[in-house]
Each structure stands twice: as structure tokens, then as C-alpha cells.
Amino acid sequence: MKNILIYRTGSLGDTIVSLASIQLIKNLNPDNKIFFFSIKNEDPNSVSPIEIIKDLNIINEYIELNNITSLKSFFETLRILGKYKFEKIYYLNEDRPLRKKIRDFIFFRVFLNYKIIGLNLFSQNNNLYEGFYLINKIKKTSFNEFDNLNKIIRKKIKSKIGLYNYFNVKNYITISPGGRIPSKRWNINNWKIFINKIITQNKNVKIVILGTKSDMNQNSLISKLNKNNIINLTGKTSISDLKHILNFSNMHICHDDGTMHLAMLLNKKVISLFHNLNFKEKWFQGHNKNYIQLYSSRGINKVKINQVMSKFKEIK
């Protein structure tokens, strides 16, 4: 049995996008011991990638280290990775600036002497959907093969969820109106007006508000609109909870965040408000009419409430 290393950094959404690639690596190395290496996120509200992967029966061991910030931490990282004597490393990061790719090549190839798969110094993403781009770094793959790997991941996640609901609420929609970066968030007043329109048109609708602890103040203001229709779970959900809640949701409305990627993986109806036009191809596969992306070339807060409401009615 050989030791194989997967290297992927990023947030919850970045990890979800790479799951099909991780499953492919497992398929290509059925008898090897697979390690997953990631850098710890310094944001206390962030979710470790380990939390989304651990129930999928793909990874044998996890290595999560602090970012290298000194000569001491550099040699400590070399020591930790070097002791496993990895036969090869799968480099599952997105297309980075050349200087960062050269840095990583020197670290893994020169200092650790690993065979590297997926680190192409002079190639570019070419606007491929991120998940499809990552998997083709490992092995040339058709979109049907890629879709089948995502179905395997979806089936594994749903098998852990079971048939019961997270709480005794049926026919609800989920909304994630927060996020770490202010420029990526729709204005809170827009969310209030939009949610009020939904409730006005359907008195029996239940709306579940999701978010991290950093979103609590904002989401609390939203939830006060209507306590009979709105359930505020901001800062109260684990990854396991989140999978349950999104799995039974009729629709998920959000920003460009981890909940968007998880809802898409679970094949839910998704409306996402984007801050950047260039992310259209990066995050959306483009073949599913139930994945709707709204954006404005003048910024996320130029997306009109009526636009979102129109799309909501279209796919509900």
C-alpha cells in the first residue's frame, strides 16, 4: 500500500466543488492510503473541509496545518509531510498566478521530491466550470463522467441524511443572506423587501434563515419581519445539520457561498445573487435550468428585487 496525498485549500464551497475529483482519485487508487492536506482557515467562523469530506469514505487520514509564515513553520511543514513518504501528490487547487504555482512546484517537487499530478505551470483555466476543470487536471474526463461522479457523492451524502427531516417543518425554502465579504452581499433592505413579498403572496410559507455566527446581527433583523413564517437558524447549524436542512428545502436562495455549492450538489433549485459577472462560468455548470444566477455589471446591489422575485416564481 502506497501513501497518496491530495492538496486542496479554500473554503467550504471550494471543497464541495472538488469532491468529484477526490472521488476520482479514490477510484484510481483503490488500494492506496489517501491523505488530504489543507491549510487551516484563520476565520473562526469558517468550516474545515474535513467536515464535508469525512462521511464520504474516501480519505484515510487528514493533515490540516497553519499557513507557512516563517522559516520555522516552513521546516515544520516539511517535517510533517516528509515523514509519510508520499508516492505522489494530486494538486487540486484552482488556476493560480504563475509565481504561486512555481512556489508550490519548488516546495513539493524540489524539497519533498513528490511526483505532482495537476500542477501545470503554464496552463490556464480557460473559463471552464471549476469542478470540471479540476477533474480534468487529474484525467481527461467527459462531462457525463464528471456528472456521474457527482451523483456518487450526492448519493453518499443523502445516505447519511436518511429519510427524516431536521425539524417538523415541511414545504420550506432556505435563504442564506450573509457572507464574509461585504461587496458580495445584497443589501439587507433588499432581503427584507424580497422576503416580505414572498410571505405576502404565500401566508403559509416557511423561510429558514441560514448563516454563520458573523451573520447573526443582520439575520436577526431579517427574522424579526415575521416570526410566524421565519425560522432563524443563523449560527446554530453544523455541517450535518446544514446537509439535512438543504436536502429537504424546496429552494435555496443565497449569495456566492458554501451553501450555494452544497445545494447545487444536492440538486436543489438554487437562485444565487452574484457580485461578479466573471463567475458565471466558474461556478455554474450551465446545463441545469434550476440553477439561476443573477448579477449586474454595476455590482450586486444593482440586482433588482423584482428580478429575483420573477425568477423565484419561475422555478418554485
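**Exercise 1. Place T77 and decide whether T77 is buried or exposed.**

Step 1. T77 sits in helix α4, residues 71–82. Helices here are DSSP runs of H or I with at least four residues, strands are runs of E with at least two, and both are numbered from the N terminus. The model is predicted: local features need pLDDT of at least 70, side-chain atom pairs count only at pLDDT 80 or more, and totals for chains, interfaces and linings use all residues. Residues are numbered from 1 along each chain as its sequence is written, and side-chain values use heavy atoms, with hydrogens and water left out.

Step 2. The relative accessible area of T77 is 6%, so T77 is buried. The classes are: buried under 20%, exposed over 50%, partly exposed in between (1.4 Å probe, protein chains only).

Step 3. Set aside neighbours within four places in sequence. T77 then contacts F37, L65, I68 and F107. Contact means heavy atoms within 4.5 Å.

**Exercise 2. Find the loop that holds T9, then list what T9 touches.**

Step 1. T9 lies in the loop between β1 (3–7) and α1 (12–17).

Step 2. Relative accessibility is 14%, so T9 counts as buried.

Step 3. Beyond four places in sequence, T9 contacts D14, I39, N93 and R96.

Step 4. Look at R96 again. The side chains of T9 and R96 are joined by a polar contact of 3.1 Å. Such a contact is a pair of N or O atoms within 3.5 Å; within protein, one must be able to donate a hydrogen and the other to accept it, and residues adjacent in sequence count only if both atoms are side-chain atoms.

**Exercise 3. Classify G10 and locate G10 relative to K304.**

Step 1. G10 is also in the loop between β1 and α1.

Step 2. With a relative accessible area of 32%, G10 is partly exposed.

Step 3. G10 and K304 are 294 residues apart along the chain, and their C-alpha atoms are separated by 31 Å.

**Exercise 4. Describe the protein chain as a whole.**

Step 1. Count the elements: 13 helices and eleven strands.

Step 2. Check the radius of gyration, taken over C-alpha atoms. The globule rule is 2.2 Å times the number of residues to the power 0.38. For 316 residues, a compact globule would have a value near 20 Å; the protein chain has 21 Å, which agrees.

Step 3. Add the box. The C-alpha atoms fill roughly 65 × 45 × 40 Å along the principal axes.

Step 4. Finish with burial and contacts. Of the 316 residues, 51% count as buried. Among contacts with a separation of 6 or more, 67% link residues 24 or more positions apart.
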